[in-house]
Amino acid sequence: MAIKLLEKPKHRSPAALDLSNPTLRIVLFINFVNALSLIALILNIYNYGKYFGLSDFQTSFLFAIYSLSQFIAAPTIGKLSDRFGRKPLLIISLAGTVVANLIVGTASTAPVLFGARFLDGITGGNISVAQAIITDISKPEERARAFGLFGASLGMGFVVGPLISYFTTQISLGAPFLASSILATIALILTIWLLPETLKEAAPKTDKIFDLGLKRIISGFAIPGVGALLMVTFLTGTTFGMFTFGFQAYYLKVLAQDLPSFDLLFFSFGILGALMQTLGIKFLTKRLSATRIMLIGLFFRSACFALMPIVPNVVYFVVVSLIFSVFNSLIQPMISNLISLNTHPSEQGMTSGLNAAYLSISTGIGPVLSALLVDKTTIEAAEKVAKETGVAVSLDSYYSYSYPLYVAGLCAFAVLVFAVRTQRQYSHVST
């Protein structure tokens, strides 16, 4: 059944974005630093947990505590920035990132490590403030490209991060976190000395400035013009979390590839994503609306999830994965753009914070759901036999690592259907 889109593409060219704007450059650098901090976590925290004698289950909480604390903090930080200004909240949150990474890099006990991860999550909500600044300094017709650049700065962090991690781990296990702390310090100094306040209209005073608990987070889905987009963020984040769990295991176990080639593939993802979020979005926004671009990205993302495990061949898998990385990079910039266009200027920080919160918690939920799909009994039994007999584990024993990819594909198609059916709520202002 063909899906008919409600809005017609607008063929006017977006206004030129001033790339020389120092405020824009500082915000992009801050996002780049956030990405480096996240990459240091993804690539090294597992071994770091093992160094402290943590079990796999305990180590998983080093991820969970970060996602949960960021989920709680991002909306509050965003709302506070609507009331007190972007700059002071950005300074506080960046200072927290500096301290948190410094503690992780020098931690001597597991409780200190958990405390540092919690602090980094609480202060990691600065992404909502950074997105609000993007909205403050850009015209509506410029925002698709502006958020594309914002996404590209994150993508460049995913390109540079593995290289920094590779070289710094030659010094010590905690060195990548210390490097992230140094770069966050640079971002903090730039913010203090060079970043102007961009908030033009402060939100009204309220006695409930910190009242962004569960009730507000849930009610965010009902915000006119924004709620449906927040739901899309939550659902895409969940499916991406499922993908990240199954992707690496499938590549290493089912396809029997090694970690260096996986790092190279991950590096390619970052390059393609950065190109698509700069040149690609600039090209597409001249021809298509933000809603159409988002829906196209969701369609190809869904198809690639489902297609990845169909043929257990590494060349096939890499080709499908690269196509996935191209179209997946379109989605979040378009969601951020549409949210900003549907939000009053005095509430930009709040809605950006909700968006960041939903994305954070959903990417933490996804891996848990994927872990439940994998046949751990068969895998553990096969590995035990292989250890006792010296015979390699049959690749068929690892086949259940493909289940998260299939389920992620089905769920992603459901997200696409939801986005199409609700587009009336947010697409009328799309540029």
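Trainee: In this predicted model, what makes Arg-83 count as lying over the face of Phe-84?

Mentor: Arg-83 is placed 5.3 Å from the ring centre of Phe-84, and because a charge sits over a ring only if CZ of Arg is within 6 Å of the ring centre and within 35 degrees of the ring normal, the distance satisfies its part of the criterion, while the position over the face is assigned to Arg-83 as well.

Trainee: Turning to the aromatic pairs, of which the structure holds 15, why is the pair of Phe-300 and Phe-327 called stacked?

Mentor: The ring centres of Phe-300 and Phe-327 are 4.1 Å apart and the planes meet at 15°; since rings pair if their centres lie within 6.5 Å and count as stacked with planes under 30 degrees apart, the pair is stacked.

Trainee: Which parts does this pair tie together?

Mentor: Phe-300 belongs to helix 11 and Phe-327 to helix 12, so the pair links parts that are 27 residues apart in sequence.

Trainee: How do you know whether Phe-300 is buried, exposed or partly exposed?

Mentor: The relative accessibility of Phe-300 is 32%, and because buried means under 20% and exposed over 50%, with partly exposed in between, Phe-300 counts as partly exposed.

Trainee: What about Val-319, and where is the residue found?

Mentor: Val-319 is in helix 12, and with a relative accessible area of 46% Val-319 is likewise partly exposed.

Trainee: Which residues make the nonpolar surface patch?

Mentor: The patch, of about 490 Å², is made by Ile-296, Phe-299, Phe-300, Val-315, Val-319 and Ile-323, and helix 11 (290-307) and helix 12 (314-341) each supply at least two of its residues.

Conventions. Residues numbered from 1 in each chain as written. Predicted model: local features only at pLDDT ≥ 70, side-chain atom pairs only at ≥ 80, totals over all residues. Heavy atoms only, no water. Patch = residues over 30% accessible without salt bridge, like charges linked within 9 Å, V, L, I, M, F, W, Y side chains within 5 Å. Areas by Shrake-Rupley, 256 points an atom, 1.4 Å probe, with all protein chains shown as cover. Salt bridge = Lys/Arg side-chain N within 4 Å of Asp/Glu carboxyl O. Helix = DSSP H or I, 4+ residues; strand = E, 2+ residues; numbered from the N terminus. Buried < 20%, exposed > 50% of the residue type's maximum accessible area, 1.4 Å probe, protein only. Phe/Tyr/Trp six-rings, centres within 6.5 Å; stacked < 30°, edge-to-face > 60°.
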